[in-house]
There are 2 protein chains.
Amino acid sequence: MRVSIAALILVACLSVLISPAVKAQSLAEQYREPADRIIQAGMSNDGAYLKLQELCDGIGHRISGSDELDRAVRWAADAMRRDGHENVRLEPVMVPKWVRGAESCEMLEPRRQPLAMLGLGHSVGTPPLGITAEVVVVRDEDELDALGTAARGKIVLFNNVMPPYTSERGTGYGQAVRFRGRGAQLAAAKGAVACLIRSVTAHSLRSPHTGMMRYDDAPVRIPAAAISVEDAEMIARLQARGIPVKLTLKMEAQNHGEVQSANVIGELRGAIHPEEIIVIGGHIDSWDVGQGAHDDGAGCIMAMEALTLLRKLNLQPRRTIRVVLWTAEEVGLHGAKRYAAEHADELDRHVAAIEADIGCFSPIGYGVDCQDAKRLSVAAKQMEEILNLSRTLAPLRVTPGQSAPDVSPLKKPGIIVMGHDTDPARYFDYHHTHADTIDKIDPRDLQVNVAVMAATAFVIADMPQRLGAVDNR
Amino acid sequence: MRVSIAALILVACLSVLISPAVKAQSLAEQYREPADRIIQAGMSNDGAYLKLQELCDGIGHRISGSDELDRAVRWAADAMRRDGHENVRLEPVMVPKWVRGAESCEMLEPRRQPLAMLGLGHSVGTPPLGITAEVVVVRDEDELDALGTAARGKIVLFNNVMPPYTSERGTGYGQAVRFRGRGAQLAAAKGAVACLIRSVTAHSLRSPHTGMMRYDDAPVRIPAAAISVEDAEMIARLQARGIPVKLTLKMEAQNHGEVQSANVIGELRGAIHPEEIIVIGGHIDSWDVGQGAHDDGAGCIMAMEALTLLRKLNLQPRRTIRVVLWTAEEVGLHGAKRYAAEHADELDRHVAAIEADIGCFSPIGYGVDCQDAKRLSVAAKQMEEILNLSRTLAPLRVTPGQSAPDVSPLKKPGIIVMGHDTDPARYFDYHHTHADTIDKIDPRDLQVNVAVMAATAFVIADMPQRLGAVDNR
């Protein structure tokens, strides 16, 4: 008897799952009301902006290996405990410690002029008196190659222009940022003594943009720094007029090996399948300038406050929603990789992992990705249904094949990895600069992002079928 | 016989002048062709942008009293001589020398954080160890008054918000800038030990904006500096949350009395009435940051190149067009006042004086002013006719009652003073900052401004009636 009832339920469930039309209606029937309730509550909730002030104004920037990052990690755990979340804990991660120290770049010829600069993360420093050399400007690899031996003993400046953002994600940045990562290797291979890059941005008020560089197995490690777009263009104009430019670059930058940091975790335990996990999060570290507000304080706060919002509404989903604040993203995804390794034995019970790491402007949708193409296709369709549940969600779009940095180590066959995306048009104006401060975030944008993330995570965590499931589960 | 022909000509001229319709047609008939020719030639002329590079990249910023200003003055005279202008000369002007020196502002509590700052011009310095005090934030005079004695011994921060520009000239800036000028006096009167202002801008990438302050006859002179919008908002947020903020302000700023500078003058002499003068110009000094590109390198270059363009086209007007590059505008219109005094005996032969000092974006028109209301009304109508002469000029608008800083000492009954205006929407993003650099100027905008200024000045200098004349001349 018992068995036959179970079989009947199974058949009923299967019939619902097989027909997309019926399934869509069912999702709408089930979740329109809670989605509306979450979004309405989210839009009148001021907790997120206060948390963001505590993080940004109270602690400030928090680079990997710094005391500020330690404080931010402890603050986040305390805040999640205060909000009553379950299983709040720190998971240790070894992270690199790179310290900028004092640094400067001065044009000596044709006239003395300090340049606006920021050394690149991981770069070695210069000798104490700096490196003084003539500059040679190139736009890209081809122009560098065309120099032949002319870069020997020089400072190479990569003056590669990043086009402005309009609506598309990442492409302009992705193109131009390669010189930040590999410029020093390319320049050193041509005999250059230092590498400068034009800051990776389409909009500058003489604002240098830092970021990570790497040497890989380059035999010679030369210092690398970003200068402002304005200064890069000035040097390029002078070179175009045949006027030699000589600079002194001074950097105290040092790599100090690894120190301990932690991923911060807190949960809203699931009512029926607590062992199944939906991860939402951001990265708790930032660069050592500005306040790491858009990158990625806001992403962390969105996830923390989304959980708090659901808890306040007494909405306990079937599955567990886990906030993960990854550490040391900027310097190589250290927290994210460690999380994936540490949780290897429960990855098959990770349904989805969502990171917000493209700033806090108007929400525009979700990047959705999966190693398994069929699951990706199913998940993308389900996400479209979820985004049809409310008027606030309806304008959001699903972008298959995209996600976010810290969920990338979780891109395994069974897990749907996602990026919570906001309008990127101005993100790279502030990215990795002194100007990534909380005033650049409209409190209403933060509210709506929290609401959207909470509603989306709740439905994914509560809906009967597993996101992306191509079989019965 | 001779007399009666002259009388006939006079009657004919009067009849032309009396009827606006006939007059307009006459102006159009006479000047459509040369206006078109000037504008067409201007739009393919690259001389202005090269000159602007020589000034901005070659010399850089040039504050009153600096070696750079001396170099810029000599460079401008040389450039005008090279272009073949007549009566190129320097007219000495005594100007203030204020030297910024090293300066910094650091937040000590609730945490250590350097602030982005620029001392204000004319400010006294601090003691060598700086001034350390708690900050009190006010929005305006009323909030300062409401503090009673609570500002005593504190650093007062005026956090007055400048609204963004859309199309209207100057109002938002004019409102917010009063704290830059008078903030130190207001704060000192309440017993404050230093004055900070929120930078006067509607758009910031942690960009401090300097500018002139004044003590007038204040009994106590306290140091004054601008901090970035971001830092001002951070301090205001902390104060709103009840968190005390303590700062150390260090400034080596010193006033060094007066030194000699010069206005730079060059002419295209008139063919028929060389004694009658149309002045066009900008100010050759700048603040001691950035390159003084929009403010006001471009204004100087527009005037220099407009003259060169007319000379290249062999267009010699009836009256003389005189380029005047005023010195020491930023620190109190010293060059402009000296020019008016030096040329007192020929001011009645000054027909019009036009300055471009609102940046180099798309031209939007001319402010037109005169002490004599009737002349102003006539001149404004004539300017509208002139702007109807060509398709390029037609979108430009005349704004009666407005002009520009350096022509203001020339606002006498007979002289029409004018401002050559360009779209101000982004001007105050760069104004008085490290970011006022030549890359912010589109070479095509510079071309069209040169062309517009040349065409306008030519018609004013050549048209039979004197601009604004309410009688026969």
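Which elements of chain A have the lowest and the highest mean pLDDT? Helix α1 (residues 2–18) of chain A sits at the bottom with 47, and strand β12 (residues 319–326) of chain A at the top with 99. Here pLDDT is the predictor's confidence in each residue, from 0 to 100, while helices (H or I, at least four residues) and strands (E, at least two) are DSSP runs, numbered from the N terminus. Over residues 10–24 of chain A the pLDDT is below 50, and beyond near neighbours in sequence this stretch has seven contacts in the model; two residues are in contact if their C-beta atoms, placed from the backbone, lie within 7 Å. Where pLDDT is low, the predicted coordinates should not be read in detail. For chain A the mean is 93, with 93% of residues reaching 70 or more. The model scores are ipTM 0.91 and pTM 0.92.

This is a predicted model, in which local features need pLDDT of at least 70 and side-chain atom pairs count only at pLDDT 80 or more, whereas totals for chains, interfaces and linings use all residues. Residues are numbered from 1 along each chain as its sequence is written, and chains are lettered from A and ligands numbered from 1 in the order in which they are written.

Chain A is split into domain 1 (25–98 + 258–462) and domain 2 (101–252), with bounds that come from an automatic or database domain assignment. The C-alpha centres of these two domains of chain A lie 34 Å apart. Across the boundary, 17 residues of domain 1 of chain A are in contact with 16 residues of domain 2 of chain A.

Next comes a sheet in chain A. Eight strands make up this open, mixed sheet, in the order β3-β2-β9-β5-β6-β7-β8-β4 (chain A); strands pair if DSSP finds at least two bridges between them. At the edges are β3 (113–114) and β4 (117–119) of chain A, each pairing on one side only. Strands β6 (residues 155–158) and β7 (residues 194–198) of chain A run parallel and are joined by four bridges. In β7(A), L196(A) is the bridge partner of L157(A).

As for the two copies, chain B can be laid on chain A with an RMSD of 0.0 Å by a turn of 180° and a shift of 0.0 Å along the axis, superposed by least squares on the C-alpha atoms of residues with pLDDT of at least 70 in both. The copies are thus related as by a two-fold rotation axis.
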